[in-house]
Structure formats: C-alpha cells, structure tokens
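Me: I would like to go through the terms used for this structure and see what each one rests on. Please set the values against the definitions as we go.

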Amino acid sequence: MNYVASDLKVVGTRPIRPDGVDKVTGRAVFAADTRAAGMLWGKIKRSPHAHARILSIDTSKAMALPGVKAVVTAADFPDIPSEEAFVGEGPMNFRDLALNVMARSKALYEGHAVAAVAATTQEIADRALELIDVQYEVLPFVIDVEAAMAPDAPVLHDDLFTAGVTPKPEKPSNIAKVVTFKKGDVEAGFKDAEVVVEGRYTTQPVHQAYIEPHACLASYQPDGQVTIHASSQGHFMVRAYTAKLLGMDMANIRVNPAEIGGGFGGKTLIYLEPVAVALSKKAGRPVKIQMTREEVFRGSGPTSGAWVEVKIGAKKDGTIVAAQQVLKFQAGAFPGSPIGPGCMCGFAMYDLPNVDVVGYDVVSNRPKVAAYRAPGAPITSFAVESAMDELARKLGMDPLALREKNAAKNGTKTHYGPVHQNIGFTAVLDAVKAHPHWKTPVKEGQGRGLAVGFWFNIGGESTATVHVNEDGSVTVATGSPDIGGSRASMGMMVAEVLGIDVARVKATVADTASIGFTHLTGGSRVTFATGMAATQAAEKVVDDLKKRAAATWEIPVEAVEWKDGKAYPAGSNAGAFEPLDLAALALKAARTGGPIVAEVSVNAQGAGAGFGAHICDVTVDKETGHVTIERYTAIQDVGRAIHPSYVEGQIQGGAAQGIGWALNEEYIYNTKGQMENPGFLDYRVPVASDVPMIEAVLVEVPNPRHPFGVRGVGEVPIVPPMAAIANAIKSATGVRMPNLPMSPPKVRAALDAAG
Amino acid sequence: MAKQHVTAVINGEETEFLCETQQTMLDVLRDVIGLTGSKEGCASGDCGACSVIVDGRLVCSCLMLGVEAEGKAITTIEGVADGETLHPVQQKFLEHAALQCGFCTPGLIVAAKALLDENPNPTETEARYWLAGNLCRCTGYDKVIRAVMDAAAVMRGEAAR
C-alpha cells in the first residue's frame, strides 16, 4: 500500500523514542558495558612504524607474565585468499580485511595491529604488550597521495597492478584503480564555452570521530560456537566477516547488536572481533577488547584525503557546456577509497551535456579508509561547489540562479549513467529562494556562501518482524542497528499501519540468530528499506487480523475492514457486529489460528536520491584567521519525515561534522610517518561553542517507491558545508581557500598573501 | 601493592570499594562498582563522556583516581533521576530528541545538571561554553542546547515540565 496521500496520525509526529529513557539514565548497554563470567581483557600491539617488514615476533616473555592467558599473531589466523567482499558503502577484499585486522608480513601504517594479548586485568595486558618482541626492517614510506603516485614512490604491495587501464601495467604501483566517466564531448564543450573556471582543491583525511571507541566481547565455547557483543553498524556484517576471517560457519557465530555510540560509516567494517574470538578460543575464556581513543585514530579508518582538479565552462547566460574533473583519493594502506562516488557525485546535481571525470584510488602508509557519511561526495563537492561559486562570480551571476539554471531534474541523464527520477532538487532550490536567511541582506563585515549536495541513498536487504503480543501490544523486531533513533521510526510506521497508539508499539533490534538477514546501517537505507519491511509486515498482520475477524463473524474476509486499530464489518450488508480491536483479537489468537506474527524480508529498490542546499554566514577575524559561523541553514529534500526531530537531527549533525571538516580537522604526521594528533585535544572536532544553532528545513517531495515516501536523509547534510563555508569566506574576504581545513593559520596566511 | 579501601557516597548511598592506586574513578565506577552509565570516550579529559559531580563540582572521572573519592559525595548519571522521576534535563533531552546514538548523553546530562545547579538562568552562550567539554558527534548540539535551556526554564518554574 502507499500512504503518501493518506491522512496520517502517527507519521510526522514527534513521540519519545522507545530507547530514550535507557539512554538518558545511563542504562543503555554499549559493547564496552558488557561483561561475562571469567572475562579477560584483550589488548592489541600496534606497529610504531609507517612501513616495515615484520622479521619476527617473540611472544614468550609476554606469555610468561602471570595473568596472561593468550597471545595471538597473524600465525593464529587463516591466510585468506584474495576475494572481493562488499563492505557497506564501498568495495573491499577479504584478504586485505584480514591483513588489516592483523598484519602478516608487513606493517603498512603506524598503528597497524601486529599481535594481541588477553590477560586477567587491563594493566597486565598492557604490560604484556610491552613484552612482545617484534623485530622490524623499517622500509621507506609514503603518506601523501601525490607522492604515492610518483614513479619512484615506495610501493606498498608488490602485487598491486593498476586496474581500469589497458594494457595492464608491467610494474606494481600504489595506484590501485583508475575510474573514468564520460558523457558527450567535453573538448567540443569547452570550445563552445564563453567563460571557463579552473581550480585545484585539496582535502585532508578526517575521522568519523564517533565518541564510542570500537569495542566487543567475544566468547568461544568448546563446541565451536561463538557469541559476540559488538557495537557496529551491522551485526550481520560482523558475523559474516568474522566467520570469513576465522574460517568458521556463520551458524556458529551469534552476534548481539549492542547499542552503538556513533558510526557515521566508520563501523561498517571490523577490527577487533576476529582477534577477540581467537584470543577467547586460545584462553578458553570470554575476551573483551576496547580501543583507546589513540587506537581509534591510529588504527581505524578515516575518510580519504584528496587532490581534486575541476574545470567548468559556461555560456555567458550561465548554461554550463562542459565540466571536467580529476580526482586522486587516498585509500590508506589497502585499495578501496570512495573514488567511485567521488567521481559520480560532484556533477550529479547538474544537467550537463559534456562531462569528463577521471579518478585514482591510491594506497599510502596510512590507516585504511572507511566509509564516512556520503563517502566521497563531500570531497568532490567541495571542489565542484567552490568552482561553481567562482563561475558565478566570473559571470556576475547570483550563485543560486546559476544552480537553478543548471539544476538536474527528473529525466536528467547523469554522466555516470542513470537517469534522475523522482528527485526534489528544484523544490530544494525554491526553498532556498523563499527562506528568510537567503532573503536577509548579509550583515556588515560578514560573508555568505551557498553550496548544494547530492547523495544516491541505497535500499537493499532488510528483514522485519511484527508480533502482536497476547495483550494486543505490538513488538517490532528488525535487523538494523539503531544509531540515530530508527527504532522510533520503525514503531511509528507500524503503529500507523495498524492504526494504534505508537506507545503500544515497541521496536527492538534482534540478534543474528533471531531475525532474517539485514544489510548494515549505512547508505541512509534503514528508514527506507527496513522501514519498507516493517510496513509490509504490519500490513500482513492487518490481513491476518481481518481474516480472524471474518472467521469470528463467519463472514467473507472481503466484508471486513481495518480502521483505527479495529476490525469492522464493511457496510451494512456485512452484518452487525461489534468491532474487534487488537486486544480482543489477540486474546482469541489461539482459537483463530495461533500466534499473530508476520515477517517480511525485502531487497528494497528505488531509494530516492537526496539533495540539499546549505546557506552559511561567516565572520573572518583578520588578525587571527579564525572563522566564526554566524548563521547556518540546511535545506533538504527528505521525502517524508517519519519522526521530524530525528530527521532534523541528522541534518544538524551532518552539517556540524562538515563544519569540523571545513575548519579544524586534519591528521598531522611527523617525519617518521607517525600521527602526531591522535586525541580529541589536538584533533579538534567541533564543540558546542564552535557552532551556532543550525536551522534544518525539511522539504518533502515524497519518494513514490516507499510506502510513506521516505528517502534517506543521513548523508546529504555533510556534502555541502565545506564549500558553503569556503564560499562564505570568499564573500567575506575576497580570498578563495582551496585547501582544507580552513584553520586559522591557513586563513591568516591566505589573507596575508592576498595583501 | 595491596588494593586500597575507599569509602564514598555514590548517588546518595555510602559505598565501599577496593581499588588499585592507579585505577581511575571511571574504571572504578565501570569495572569495580558496575555503574557503566559513565562512558570512556578518550580517557584524557577531552570528551566529557565520563562526567560526574564530585562534592558539587563537575569532574571528568577519567582524570580522577579512585582513591581520591575517599570521603567524597559523587553523583553519576545513574543518580541524576529521582527514582522514577526523571530530572528536567533528562526529560527535555527526550522531548527535544537531543540524543541520537546516546553515548555522550550521560556525560552531557551530568554536565548540564551541574551547570543548572550553579547557574539556573544561563544564556545560550554560557550553556555552549559550559558544555564545550562534552563532545557530541551526532547532534551538532542544536537540540542539546535547546533541551538544556528548556530544562533551565522548567527548573525556574517558567515552563511546564
């Protein structure tokens, strides 16, 4: 059924989330909060070198320390052959994943795991790490993307030959892949152009910086069965990867989805679980591992830093006739940067006749990148939206008008193939034009910037079960870890379909043994895909309830209608019966066919793409180079907001992360290739006093492929901020900042250089 | 070295515990006493997820030794509500959807309570600077600040609970 045009009673309201009280009282259980009888503490020894051959590992002294119960190295794990795995929002190879979890012959970045211990206390485990003697042959290393592409760069992998070029290169290199997209004839397009802008932009790797460090508790039983408590974006992902890396049957692994303390893409792969299982197996006791913040920075994936070149050509009226981009993305120590989306998302907002995009996926001696909120899109869009601002200036055109002139619409064919369908970009631009922020003149001394952003959003496999309990209350179970309030939206959609008070519905996240397969929480897919499964399961329950009412009344099921949580005889011909509500039907369940429950699994298609536009006013302190965000408005097509507060929260949170990416966040390396700022004091994410209120404006262009019109909302909001802020700085100072972060020293230097 | 015996009042209850001299108050709360509401986000006093109130003062429990608790009164997130009645800050966090993942939430709520205990009528700027020691990566702080300001109004009797 489709409810887009229906009069909705629950969807669009703002009830308190079902897991809320647990979280404001400290009762919610995250992985690090779990314990088990006889539990040991696991710790990981990490390479101090950016690039080194591991000559030997002597664990005997560590094993001899009283309290140490197990030590593992790569020798304790199967040597995994090369095999493509699909990891959340980007491709990865199982062999690389295994080597990232535990280095085998080479340490490829500072912080790369080389051994692990389990001991009775954390302190003993720490001492044992120091007693593990690893002999290294230190190798030349390379950190930056362009240096890694140089012909004489130290090569990380002897067997890495650039994919995507013919003929296959004769020599291995750090360029893992070349991606190209072409549409039309870009050369001819530039010949037609009357105005051309060109620019080179760089972005720094930034960490997802979830406040909860990675953690898990694993217990290996003598019969080979394993229980894992993990804080992850996908407990089915944890099960699959742990099974693969340890050569186990998935049926022998049960993963409990602990509450997750933020992920933003960074918890779509595993680091600790196979290690904890291996230690538990060896020690015969449960093992808990939790990373320190320093380990999170040194040993888990940020998103790529990048080098991006953009060239755009337009007619004098603003019509873009050619667009070109070259992107070089750092992948970290193993292939698999978000170069694909990087190549697709930059120009996806526009209807362009001639496009040429080339992207490079490049390895270097840094932690392997992980997905981070709209992976690749913020990077490519920083470059394109900065260039669009320059184009508007060169044309003497309003930046909003330039976007309106070239905006992608339904039917626009993208340069990477698909045709945009059911998109709401025009509605977003209309909302910008109508918004008081845009209409208010810029205050004296401030500058205003505008930028837009796009993300595909995904659907995919999800399972949901709806149980009508014996008293008529309802439990919804899904396989989607809830990071930002999705249990609330699941309960609301089910309550809407059943026609009951949302307080009578409780949603939960079921473990891997208790619900059908569900793809991880990522790609802004949960409210869309899992929501679709939950909605359909609720509809099946309604069908079942109607049948039971029909049987009770001995009338045909077609003569029963379901309304406001009750079965009614449909019209006077059906007979005169008192309506049966959920509680009455639940009470009689045993006599009308047994438990009332429905499970639905979907492979959801038609995730509506998302578009957003951000307006930002800044002040630049010319003495210090400090940028203050004075006003911030984020406008986005959200399809249909199930719980508007949590939709706004996604937008506000994404914008704040973008502000950090724009103004503060970066990895600082020393001359040995070691990270110098692996803590929140020196890697500064935005704090409350760094940001203003962020106004989130919800534009609702329903996605017809979802019963309630939902489209994903979590990722788009991190796409526009960097360019919006850069464009505002340009407007305030006349200076273009092409390199992130636009931190005070860099802004100050740019202002000085401009005189 | 032998473990130290410590007596403190934790969430209103006299509590005895044994701890190593080097153990932090956060580790004592989480691993010795079993109060896991206080979270470790950094163990260096930068994120505020482990915030507790010690004799009326807001403290990162990861920067305090367990032995320093001797004779002190400590309030953790588990002690903020009055039985079944949530503290106004907790209630407003729920109503304003001021949490997403919920990991930083205990520390933010303890810190906000400490703010309002000291300053019942903070400006938005004062609230933002007071809470600048509590990192939240999910919300962008907008709804957090609204919840705290609204809770302050409730506690002053100017707004409905």
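Reply: We can begin after a helix of chain B: H2(B) is followed by B:Ala97, whose phi is positive, near 55°. Helices here are DSSP runs of H or I with at least four residues, strands are runs of E with at least two, and both are numbered from the N terminus. This is a predicted model, in which local features need pLDDT of at least 70 and side-chain atom pairs count only at pLDDT 80 or more, while totals for chains, interfaces and linings use all residues. Residues are numbered from 1 along each chain as its sequence is written, and chains are lettered from A and ligands numbered from 1 in the order in which they are written.

Me: Why is helix H2 of chain B called largely enclosed?

Reply: A residue is buried if 20 or more other C-beta atoms lie within 10 Å of its own, exposed if 12 or fewer, and partly exposed in between, with C-beta atoms placed from the backbone. In H2(B), residues 88-95, 6 of the 8 residues meet the buried criterion, so the helix is largely enclosed by the rest of the structure. The buried ones are B:Pro88, B:Val89, B:Gln90, B:Gln91, B:Lys92 and B:Phe93.

Me: What covers the buried residues of H2(B)?

Reply: The cover includes H1 of chain A, and from chain B helix H3 (105-118) and helix H5 (142-155).

Me: How do you know which residues of chain A and chain B belong to the contact, and how many are there?

Reply: Two residues are in contact if their C-beta atoms, placed from the backbone, lie within 7 Å. By that test 43 residues from chain A and 41 residues from chain B take part. On the side of chain A, helix H1 (20-24) and helix H18 (644-663) each supply at least two residues. H18(A) gives the most, with 8 residues.

Me: What makes up the side of chain A that touches chain B, by residue class?

Reply: It divides into 22 nonpolar, 15 polar and 6 charged residues. Ala, Val, Leu, Ile, Met, Phe, Trp, Tyr, Cys and Pro count as nonpolar, Asp, Glu, Lys and Arg as charged, and the others, Gly among them, as polar.

Me: How do you know where the domains of chain B begin and end?

Reply: The bounds come from an automatic or database domain assignment. For chain B that assignment gives domain 1 (4-79) and domain 2 (88-155). Their C-alpha centres lie 21 Å apart. In the contact between them, 13 residues of domain 1 of chain B meet 11 residues of domain 2 of chain B. Strand E3 (residues 51-54) of chain B gives the most to the domain 1 side, with 3 residues. That side holds 7 nonpolar, 5 polar and 1 charged.

Me: What makes strands E26 and E27 of chain A a pair?

Reply: Two strands pair if DSSP finds at least two bridges between them. Strand E26 (residues 610-620) and E27(A) are joined by 9 bridges and run antiparallel, so they qualify as a pair. One of the matches puts A:Asp617 with A:Arg631 as its bridge partner in E27(A). The two strands form a hairpin with 6 residues between them, and A:Gly625 in the turn has a positive phi of about 80°.

Me: Why is E27(A) called largely enclosed?

Reply: Of the 11 residues of E27(A), residues 627-637, 8 are buried, so the strand is largely enclosed by the rest of the structure.

Me: What makes the crossover of E27(A), H18(A) and E28(A) right-handed?

Reply: A crossover is right-handed if, with the strands pointing away from the viewer, the path from the first strand over the helix to the second runs clockwise. E27(A), H18(A) and E28(A) make a right-handed β-α-β unit. E27(A) and strand E28 (residues 694-699) of chain A pair in the parallel sense over 6 bridges, and A:Asp637 stands opposite A:Val699 in E28(A).

Me: Which partners does strand E20 of chain A have?

Reply: Strand E19 (residues 460-468) of chain A pairs with E20(A) in the antiparallel sense over 5 bridges. Strand E21 (residues 505-509) of chain A pairs with E20(A) in the parallel sense, also over 5 bridges. A:Thr478 stands opposite A:Ala464 and has A:Val509 as its bridge partner in E21(A). From E20(A) the chain crosses through helix H15 (residues 486-498) of chain A to E21(A), and this β-α-β crossover is right-handed.
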